Amino acid sequence: MKLAEIVPWGRTLTEYQLMFGLTDTDLSKRILGVGDGPASFNAQMTAKGYSVISVDPIYAFSADEIRMRITDTYQVITDQLNANAHQYNWTTFRNVDQLGSERMEAMNLFLADYEKGRSVGRYLNHSLPALPFADQSFDLALCSHLLFLYSGQLSERFHLESIQELLRIATEVRIFPLMTLDNQPSPYLARVLDLCQQHNLDADIVPVDYHFQKGAYQLLRIKHKSQ
Ligand SMILES: C[S@@+](CC[C@H](N)C(=O)[O-])C[C@H]1O[C@@H](n2cnc3c(N)ncnc32)[C@H](O)[C@@H]1O
(Lines give C-alpha, C1' and ligand atoms only; values in the text may rest on other atoms or scores of the structure.)
Protein backbone atom coordinates (compact mmCIF):
# COMPACT_ATOMS: atom_id res chain seq x y z
CA MET A 1 0.00 0.00 0.00
CA LYS A 2 1.27 3.48 -0.88
CA LEU A 3 0.79 6.42 1.52
CA ALA A 4 -1.09 8.29 -1.23
CA GLU A 5 -3.71 5.48 -1.37
CA ILE A 6 -4.66 5.83 2.29
CA VAL A 7 -7.80 7.71 3.26
CA PRO A 8 -7.51 7.76 7.07
CA TRP A 9 -10.75 8.06 9.05
CA GLY A 10 -10.95 6.48 12.51
CA ARG A 11 -13.79 5.62 14.87
CA THR A 12 -13.89 5.56 18.69
CA LEU A 13 -14.28 2.84 21.33
CA THR A 14 -17.88 3.96 21.92
CA GLU A 15 -18.61 3.51 18.22
CA TYR A 16 -16.99 0.04 18.21
CA GLN A 17 -19.11 -0.91 21.25
CA LEU A 18 -22.27 0.12 19.40
CA MET A 19 -21.29 -1.27 15.99
CA PHE A 20 -20.34 -4.66 17.44
CA GLY A 21 -22.72 -4.88 20.41
CA LEU A 22 -19.73 -5.37 22.71
CA THR A 23 -20.64 -6.46 26.25
CA ASP A 24 -18.34 -6.17 29.29
CA THR A 25 -17.54 -9.87 28.80
CA ASP A 26 -16.63 -9.24 25.16
CA LEU A 27 -14.29 -6.40 26.13
CA SER A 28 -12.28 -8.80 28.33
CA LYS A 29 -11.63 -11.21 25.44
CA ARG A 30 -8.46 -11.51 23.36
CA ILE A 31 -9.53 -9.21 20.53
CA LEU A 32 -8.14 -8.78 17.02
CA GLY A 33 -9.10 -5.52 15.28
CA VAL A 34 -8.93 -6.08 11.53
CA GLY A 35 -8.37 -2.95 9.44
CA ASP A 36 -8.46 -0.71 12.53
CA GLY A 37 -6.49 1.99 10.71
CA PRO A 38 -6.41 5.25 12.72
CA ALA A 39 -9.37 4.27 14.98
CA SER A 40 -8.85 4.98 18.69
CA PHE A 41 -10.32 1.56 19.63
CA ASN A 42 -6.96 -0.06 20.47
CA ALA A 43 -5.63 3.04 22.31
CA GLN A 44 -8.76 3.43 24.43
CA MET A 45 -9.08 -0.32 25.15
CA THR A 46 -5.41 -0.51 26.17
CA ALA A 47 -5.82 2.50 28.48
CA LYS A 48 -8.63 0.58 30.22
CA GLY A 49 -6.42 -2.52 30.62
CA TYR A 50 -7.98 -4.67 27.86
CA SER A 51 -6.16 -6.70 25.20
CA VAL A 52 -6.39 -5.70 21.53
CA ILE A 53 -4.07 -6.34 18.61
CA SER A 54 -4.81 -4.29 15.47
CA VAL A 55 -3.72 -5.23 11.96
CA ASP A 56 -3.74 -2.86 9.01
CA PRO A 57 -1.40 -2.16 6.06
CA ILE A 58 -1.18 1.50 7.14
CA TYR A 59 0.92 0.37 10.11
CA ALA A 60 3.82 0.14 7.65
CA PHE A 61 4.01 3.94 8.04
CA SER A 62 5.26 6.13 10.88
CA ALA A 63 3.02 8.32 13.06
CA ASP A 64 4.34 11.43 11.25
CA GLU A 65 3.51 9.96 7.84
CA ILE A 66 -0.02 8.98 8.92
CA ARG A 67 -0.55 12.39 10.57
CA MET A 68 0.53 14.12 7.35
CA ARG A 69 -1.88 12.01 5.32
CA ILE A 70 -4.73 12.80 7.76
CA THR A 71 -4.07 16.52 7.28
CA ASP A 72 -3.88 16.15 3.48
CA THR A 73 -7.13 14.17 3.11
CA TYR A 74 -9.37 15.73 5.78
CA GLN A 75 -10.93 18.35 3.49
CA VAL A 76 -11.48 15.84 0.66
CA ILE A 77 -13.29 13.43 3.00
CA THR A 78 -15.50 16.10 4.58
CA ASP A 79 -16.35 17.52 1.11
CA GLN A 80 -17.43 14.02 0.02
CA LEU A 81 -19.50 13.60 3.18
CA ASN A 82 -21.23 16.94 2.56
CA ALA A 83 -21.99 15.87 -1.03
CA ASN A 84 -23.42 12.53 0.20
CA ALA A 85 -24.99 13.80 3.45
CA HIS A 86 -28.38 12.31 2.49
CA GLN A 87 -26.91 8.78 2.89
CA TYR A 88 -26.49 9.25 6.67
CA ASN A 89 -28.67 9.80 9.75
CA TRP A 90 -27.58 13.05 11.43
CA THR A 91 -28.74 12.21 14.95
CA THR A 92 -25.67 11.13 16.96
CA PHE A 93 -23.56 13.48 14.84
CA ARG A 94 -25.37 16.77 14.12
CA ASN A 95 -23.47 17.60 10.94
CA VAL A 96 -20.28 16.93 8.99
CA ASP A 97 -18.27 19.45 11.04
CA GLN A 98 -19.11 17.76 14.32
CA LEU A 99 -18.44 14.33 12.83
CA GLY A 100 -15.11 15.59 11.47
CA SER A 101 -13.98 16.97 14.81
CA GLU A 102 -14.91 13.72 16.62
CA ARG A 103 -13.01 11.70 14.00
CA MET A 104 -9.98 14.01 14.45
CA GLU A 105 -10.13 13.49 18.23
CA ALA A 106 -10.19 9.72 17.70
CA MET A 107 -7.28 9.87 15.23
CA ASN A 108 -5.26 12.06 17.62
CA LEU A 109 -5.78 9.47 20.40
CA PHE A 110 -4.58 6.82 17.95
CA LEU A 111 -1.52 8.88 16.91
CA ALA A 112 -0.56 9.54 20.56
CA ASP A 113 -0.60 5.77 21.24
CA TYR A 114 0.71 4.52 17.91
CA GLU A 115 4.52 4.43 18.16
CA LYS A 116 4.42 2.89 21.64
CA GLY A 117 1.75 0.39 20.57
CA ARG A 118 3.71 -0.51 17.45
CA SER A 119 6.87 -1.13 19.50
CA VAL A 120 5.03 -3.64 21.73
CA GLY A 121 3.24 -5.37 18.83
CA ARG A 122 -0.27 -3.93 19.28
CA TYR A 123 -0.28 -2.35 15.79
CA LEU A 124 0.90 -4.81 13.17
CA ASN A 125 1.38 -4.27 9.45
CA HIS A 126 -0.58 -7.29 8.17
CA SER A 127 -3.32 -7.53 5.56
CA LEU A 128 -6.23 -9.77 4.76
CA PRO A 129 -6.66 -12.31 3.29
CA ALA A 130 -3.65 -13.91 5.05
CA LEU A 131 -2.75 -13.11 8.66
CA PRO A 132 0.30 -14.74 10.30
CA PHE A 133 -1.28 -15.85 13.58
CA ALA A 134 -1.61 -19.36 14.97
CA ASP A 135 -5.00 -21.11 14.82
CA GLN A 136 -7.47 -19.77 17.39
CA SER A 137 -5.11 -17.10 18.78
CA PHE A 138 -8.06 -14.75 19.47
CA ASP A 139 -11.48 -15.04 21.07
CA LEU A 140 -13.00 -12.33 18.90
CA ALA A 141 -12.07 -10.72 15.56
CA LEU A 142 -13.78 -7.41 14.75
CA CYS A 143 -13.82 -5.94 11.27
CA SER A 144 -15.27 -2.43 10.95
CA HIS A 145 -15.82 -0.66 7.63
CA LEU A 146 -13.73 -2.90 5.40
CA LEU A 147 -15.32 -6.24 4.40
CA PHE A 148 -18.74 -5.85 2.69
CA LEU A 149 -18.45 -2.02 2.72
CA TYR A 150 -15.80 -2.17 -0.04
CA SER A 151 -17.61 -4.84 -2.09
CA GLY A 152 -17.03 -2.69 -5.19
CA GLN A 153 -13.25 -2.77 -4.68
CA LEU A 154 -12.68 -6.17 -2.99
CA SER A 155 -13.77 -9.34 -4.81
CA GLU A 156 -16.05 -12.13 -3.62
CA ARG A 157 -13.02 -14.41 -3.49
CA PHE A 158 -11.19 -11.90 -1.27
CA HIS A 159 -14.20 -11.84 1.07
CA LEU A 160 -14.49 -15.64 1.27
CA GLU A 161 -10.75 -16.17 1.83
CA SER A 162 -10.58 -13.36 4.41
CA ILE A 163 -13.52 -14.67 6.43
CA GLN A 164 -12.13 -18.22 6.40
CA GLU A 165 -8.80 -16.84 7.60
CA LEU A 166 -10.47 -14.89 10.41
CA LEU A 167 -12.31 -18.03 11.51
CA ARG A 168 -9.03 -19.95 11.52
CA ILE A 169 -7.43 -17.49 13.95
CA ALA A 170 -10.48 -16.46 16.05
CA THR A 171 -13.32 -18.31 17.78
CA GLU A 172 -15.81 -15.64 16.75
CA VAL A 173 -15.87 -13.03 13.99
CA ARG A 174 -18.07 -9.91 13.82
CA ILE A 175 -18.27 -7.74 10.71
CA PHE A 176 -20.00 -4.35 10.37
CA PRO A 177 -21.56 -2.94 8.24
CA LEU A 178 -23.14 -5.33 5.72
CA MET A 179 -23.86 -2.50 3.27
CA THR A 180 -21.64 -1.13 0.49
CA LEU A 181 -20.39 2.44 0.12
CA ASP A 182 -23.37 3.04 -2.21
CA ASN A 183 -25.82 2.09 0.56
CA GLN A 184 -26.67 -1.22 -1.12
CA PRO A 185 -26.70 -4.61 0.63
CA SER A 186 -23.37 -6.32 -0.14
CA PRO A 187 -23.73 -8.78 -3.04
CA TYR A 188 -21.38 -11.18 -1.19
CA LEU A 189 -23.41 -11.71 1.97
CA ALA A 190 -25.50 -14.62 0.62
CA ARG A 191 -22.36 -16.45 -0.57
CA VAL A 192 -20.67 -15.94 2.82
CA LEU A 193 -23.76 -17.34 4.58
CA ASP A 194 -23.66 -20.39 2.23
CA LEU A 195 -20.02 -20.91 3.09
CA CYS A 196 -20.83 -20.83 6.82
CA GLN A 197 -23.56 -23.42 6.34
CA GLN A 198 -21.21 -25.69 4.35
CA HIS A 199 -18.59 -25.47 7.12
CA ASN A 200 -21.13 -26.03 9.91
CA LEU A 201 -20.55 -22.57 11.44
CA ASP A 202 -23.14 -20.54 13.36
CA ALA A 203 -23.82 -17.37 11.36
CA ASP A 204 -26.30 -14.73 12.53
CA ILE A 205 -27.31 -11.32 11.28
CA VAL A 206 -27.79 -9.25 14.41
CA PRO A 207 -29.36 -5.76 14.78
CA VAL A 208 -27.07 -3.13 16.33
CA ASP A 209 -27.64 0.24 18.02
CA TYR A 210 -25.28 2.12 15.69
CA HIS A 211 -27.41 3.93 13.08
CA PHE A 212 -25.23 6.30 11.06
CA GLN A 213 -25.10 5.04 7.45
CA LYS A 214 -28.72 4.67 6.35
CA GLY A 215 -29.80 1.02 6.30
CA ALA A 216 -26.56 -0.23 7.90
CA TYR A 217 -28.13 -1.42 11.14
CA GLN A 218 -26.90 -5.03 11.33
CA LEU A 219 -23.69 -6.97 11.88
CA LEU A 220 -22.72 -10.47 10.82
CA ARG A 221 -21.60 -12.74 13.68
CA ILE A 222 -19.95 -16.05 12.83
CA LYS A 223 -18.93 -18.59 15.47
CA HIS A 224 -17.54 -22.08 15.58
CA LYS A 225 -20.31 -24.37 16.85
CA SER A 226 -19.69 -25.39 20.46
CA GLN A 227 -18.68 -29.07 20.64
C1 LIG B 1 -12.58 2.77 6.32
S2 LIG B 1 -11.16 2.33 7.21
C3 LIG B 1 -11.86 1.73 8.74
C4 LIG B 1 -10.97 2.01 9.92
C5 LIG B 1 -11.52 1.50 11.26
N6 LIG B 1 -11.82 0.09 11.20
C7 LIG B 1 -12.75 2.25 11.68
O8 LIG B 1 -13.85 1.72 11.55
O9 LIG B 1 -12.62 3.39 12.12
C10 LIG B 1 -10.64 0.80 6.41
C11 LIG B 1 -9.29 0.32 6.87
O12 LIG B 1 -9.02 -0.94 6.25
C13 LIG B 1 -7.63 -1.00 5.98
N14 LIG B 1 -7.37 -2.05 4.98
C15 LIG B 1 -7.39 -1.95 3.63
N16 LIG B 1 -7.09 -3.12 3.06
C17 LIG B 1 -6.86 -4.00 4.08
C18 LIG B 1 -6.51 -5.38 4.13
N19 LIG B 1 -6.33 -6.11 3.00
N20 LIG B 1 -6.36 -5.98 5.34
C21 LIG B 1 -6.55 -5.25 6.48
N22 LIG B 1 -6.89 -3.94 6.48
C23 LIG B 1 -7.05 -3.32 5.30
C24 LIG B 1 -7.30 0.40 5.51
O25 LIG B 1 -5.92 0.67 5.58
C26 LIG B 1 -8.13 1.24 6.47
O27 LIG B 1 -7.40 1.62 7.61
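**Close-up 1. The lining of the largest pocket draws its largest share, three residues, from α4.** In this predicted model, α4 spans residues 63-83 and α5 spans residues 96-119, and each of these two helices supplies at least two residues of the lining. The largest pocket has a volume of about 1300 Å³. Of the 46 residues that line the largest pocket, those closest to its centre are Val 7, His 145, Leu 146, Leu 149 and Tyr 150. Sorted by class, the lining of the largest pocket comprises 29 nonpolar, twelve polar and five charged residues.

**Close-up 2. The ligand sits in the largest pocket.** The ligand is surrounded by 19 residues, and the closest of them are Arg 11, Gly 35, Asp 56, Leu 128 and Ser 144. When the residues of this shell are divided by class, ten are nonpolar, six are polar and three are charged.

**Close-up 3. Polar atoms of Arg 11, Gly 35 and Asp 56 lie at short listed distances from ligand atoms, as follows.** At Arg 11, a backbone N or O atom is placed 2.8 Å from an oxygen atom of the ligand. At Gly 35, a polar backbone atom is 2.7 Å from a nitrogen atom of the ligand. At Asp 56, by contrast with the backbone atoms just described, a polar side-chain atom lies 2.6 Å from an oxygen atom of the ligand. On its own the ligand has 600 Å² of accessible area, and the protein covers 88% of that area.

**Close-up 4. The second largest pocket has a volume of about 180 Å³.** This pocket is lined by 14 residues, of which Glu 15, Leu 18, Thr 92, Phe 93 and Tyr 210 are the closest to its centre. The helix α1, which covers residues 13-20, and the helix α5 each supply at least two residues of this lining, and the largest share, three residues, comes from α1. By class, the lining of the second largest pocket consists of four nonpolar, six polar and four charged residues.

**Close-up 5. A cis peptide bond joins Leu 128 and Pro 129.** The omega angle of this bond is about 15 degrees, and Pro 129 is found in the loop that runs between β3 (123-124) and β4 (138-144). Leu 128, the partner of Pro 129 in the cis bond, is also listed among the residues closest to the ligand.

**Close-up 6. A cis peptide bond joins Phe 176 and Pro 177.** For this bond omega is about -5 degrees. Pro 177 lies in the loop between β5, made up of residues 170-176, and α7, made up of residues 189-198.

**Close-up 7. His 145 has a positive phi although it is not a glycine.** The phi angle of His 145 is about 60 degrees, and the residue is placed in the loop between β4 and α6 (156-169). His 145 is also one of the residues closest to the centre of the largest pocket, the pocket in which the ligand sits.

Definitions and conventions: Residues are numbered from 1 along each chain as its sequence is written. This is a predicted model: local features need pLDDT of at least 70, side-chain atom pairs count only at pLDDT 80 or more; totals for chains, interfaces and linings use all residues. Side-chain values use heavy atoms; hydrogens and water are left out. On a 1 Å grid over the protein atoms alone, a cavity is a set of points where a 1.4 Å probe fits but cannot get out, and a pocket is an open set with protein on both sides within 12 Å along at least five of seven lines; lining residues have an atom within 4 Å of a point. Grid points are joined across faces, edges and corners, and a volume is the space filled by probe spheres set on the points. Helices (H or I, at least four residues) and strands (E, at least two) are DSSP runs, numbered from the N terminus. Ala, Val, Leu, Ile, Met, Phe, Trp, Tyr, Cys and Pro count as nonpolar, Asp, Glu, Lys and Arg as charged, and the others, Gly among them, as polar. A residue is near a molecule or strand if one of its heavy atoms lies within 4 Å of it. A polar contact is a pair of N or O atoms within 3.5 Å; within protein, one must be able to donate a hydrogen and the other to accept it, and residues adjacent in sequence count only if both atoms are side-chain atoms. Accessible areas come from the Shrake-Rupley method with a 1.4 Å probe; for residues, only the protein chains shown count as cover. A molecule sits in a cavity or pocket if more than half of its atoms lie within 2 Å of its grid points.
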